[in-house]
Every structure is written in C-alpha cells, then in structure tokens.
Amino acid sequence: MANISKLQIEVEVTSHADEFFNTYRAKAHIVPKTSSENVHGVEIHEGDFGSAGAVKTWTFNLGNMENSDYKRKIEVDEENKTITSTAIEGDVLNLYKSFIVILQIIPNGEGSLVRWTWEYEKVDDDVPDPKKFQDLAANLTKDVDSYVVKNG
C-alpha cells in the first residue's frame with residue numbers, strides 16, 4: 001500500500017487570479033527571468049507552455065538539489081484555476097516514488113491566494129519531506145506576482 005504524504009502552503013499575492021493563473025500557465029518561460037535565483041530554465045518537450053498534457057523540464061536550485069531538474073506532465077483545470085504537475089523523470093524521482101505538485105489560484109478580494117500542494121511517496125523512510133520546495137514555491141510565487149503587477 002502506498003504511503004502518500006502531503007505538504008501545503010498558501011501565499012497571498014496582489015495580482016488578480018486570472019492574470020496570475022494565465023501568466024504561470026502560458027508564460028512559464030518567463031519564470032527563470034523573474035526568479036533566476038530559484039529557477040534556471042524551463043524547457044518544453046511536448047505541447048506548448050499553456051496546454052494540458054504538455055511536458056516540461058524545470059531546472060532549479062534547491063540547496064541539496066542544486067541545478068536539479070525534473071520533467072513533468074501538466075494537466076490544466078481552467079475553471080478552478082488549477083495546474084497539476086506529475087513528475088515523469090528527473091532528480092526528484094531519486095527521492096520520491098511519486099511526486100505531484102498542485103497549484104491553485106483562488107480569487108481573494110482584489111488579489112489572489114496561491115495554494116501549492118505536494119503529494120509524494122518517499123523511496124524510503126530516510127528521505128526527508130520535500131519542505132525545501134515550499135521555500136522555492138513561496139519565492140517563485142512572489143516573483144511571478146511582481147512580474148504580473150508590472151506587466152499585466
């Protein structure tokens with residue numbers, strides 16, 4: 001029986017939910033420019049940046065996983081402003097049998113609430129929870145929000 005664990009954070013942003021969602025979904029290529037300390041590159045392998053079923057590789061700096069990458073397949077739920085990413089290759093799968101990231105943007109007054117959820121199964125009990133991804137996601141969220149506010 002699989003032992004799936006979850007982590008979650010929420011980050012308040014000033015940008016409108018539709019704008020944040022559309023920027024992150026369709027303009028992921030700008031993330032390394034807006035958050036270069038955290039993300040070094042995003043490469044598309046199948047589909048396009050905004051399409052469901054797209055396959056992308058993200059390269060990032062995560063302390064013990066410096067210059068790590070993982071290839072992920074995305075599913076997009078436009079109505080609920082949710083992007084679900086499932087790891088299909090990469091360094092993250094050396095630590096986790098499964099690794100799913102769910103990003104949901106929730107309208108919150110004139111801004112938004114960005115909710116990140118990680119669902120994962122460790123390869124063994126010695127593997128730490130992926131808490132460093134929470135810091136990465138919080139920083140990335142703030143950087144994308146700044147981009148959206150400046151560029152609309």
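**Exercise 1. Locate Lys81 in this predicted model, and decide whether Lys81 is buried or exposed.**

Solution. Begin with the position along the chain: Lys81 is found in the loop between β4 (68–77) and β5 (82–90). Next, take the relative accessible area of Lys81, which is 15%, and set it against the cut-off for a buried residue, which is under 20%. Lys81 is therefore buried. Finally, look at the backbone, where phi of Lys81 is near 50 degrees, a positive value in a residue other than glycine.

**Exercise 2. Describe the surroundings of Thr14, and decide whether Thr14 is buried or exposed.**

Solution. Thr14 also belongs to a loop, the one between β1 (5–13) and α1. Its relative accessible area is 58%, and because the cut-off for an exposed residue is over 50%, Thr14 counts as exposed. For the contacts, leave aside the neighbours within four places in sequence; what remains for Thr14 is Glu110, Gly111, Asp145 and Val149. As a last step, compare sequence with space: Thr14 and Leu113 are 99 residues apart in sequence, while their C-alpha atoms are 8.8 Å apart.

**Exercise 3. Work out the order of the elements in the chain, and state how many helices and strands there are.**

Solution. Reading from the N terminus on, the order is β-α-α-β-β-β-β-β-β-α, and the count is 3 helices and 7 strands. To see how this chain is connected in space, consider the contacts between residues at least 6 apart in sequence, of which 52% join residues at least 24 apart. Of the 152 residues, 45% count as buried, and the accessible surface comes to about 7,800 Å², with 42% of that belonging to carbon and sulfur atoms.

**Exercise 4. Determine how α1 and α3 are arranged, and which residues meet.**

Solution. Two packed helices are described by the angle between their axes and the distance between the axes. Here the axes of α1 and helix α3 (residues 132–151) come within 10 Å and cross at roughly 110 degrees. Since angles of 65 to 115 degrees count as roughly perpendicular, α1 is roughly perpendicular to α3. On the α1 side the residues are Glu19, Phe20, Thr23 and Tyr24, and they meet Leu140, Thr141, Val144, Asp145, Tyr147 and Val148 in α3. Sorted by class, this contact has 6 nonpolar, 2 polar and 2 charged residues.

**Exercise 5. Count the aromatic pairs, and classify the pair of Tyr24 and Trp116 as well as the pair of Tyr96 and Tyr120.**

Solution. With ring centres required to lie within 6.5 Å, the count comes to 5 aromatic pairs. For Tyr24 and Trp116, the centres are 5.9 Å apart and the planes stand at 90 degrees, so this pair is edge-to-face. Tyr24 sits in helix α1 (residues 17–26) and Trp116 in strand β7 (residues 111–122), so that the pair links distant parts of the chain, 92 residues apart. Tyr24 and Trp116 are both buried.

For Tyr96 and Tyr120, the centres are 5.6 Å apart with the planes at 75 degrees, so this pair too is edge-to-face. Because Tyr96 lies in strand β6 (residues 96–108) and Tyr120 in strand β7, the pair ties together parts that are 24 residues apart in sequence. Tyr96 and Tyr120 are each buried, and together with Phe99 and Phe133 they form one aromatic cluster.

Conventions
Residues are numbered from 1 along each chain as its sequence is written. This is a predicted model: local features need pLDDT of at least 70, side-chain atom pairs count only at pLDDT 80 or more; totals for chains, interfaces and linings use all residues. Side-chain values use heavy atoms; hydrogens and water are left out. Helices (H or I, at least four residues) and strands (E, at least two) are DSSP runs, numbered from the N terminus. Buried means under 20% relative accessible area, exposed over 50%, partly exposed in between (1.4 Å probe, protein chains only). Contact means heavy atoms within 4.5 Å. Accessible areas come from the Shrake-Rupley method with a 1.4 Å probe; for residues, only the protein chains shown count as cover. Rings of Phe, Tyr and Trp (its six-membered ring) pair if their centres lie within 6.5 Å; planes under 30 degrees apart count as stacked, over 60 as edge-to-face and the rest as tilted. Axes are lines fitted to C-alpha atoms, for helices over the stretch in contact, and angles run from 0 to 180 degrees between N-to-C directions. Angles under 35 degrees count as roughly parallel, over 145 as roughly antiparallel, 65 to 115 as roughly perpendicular and the rest as oblique. Ala, Val, Leu, Ile, Met, Phe, Trp, Tyr, Cys and Pro count as nonpolar, Asp, Glu, Lys and Arg as charged, and the others, Gly among them, as polar.
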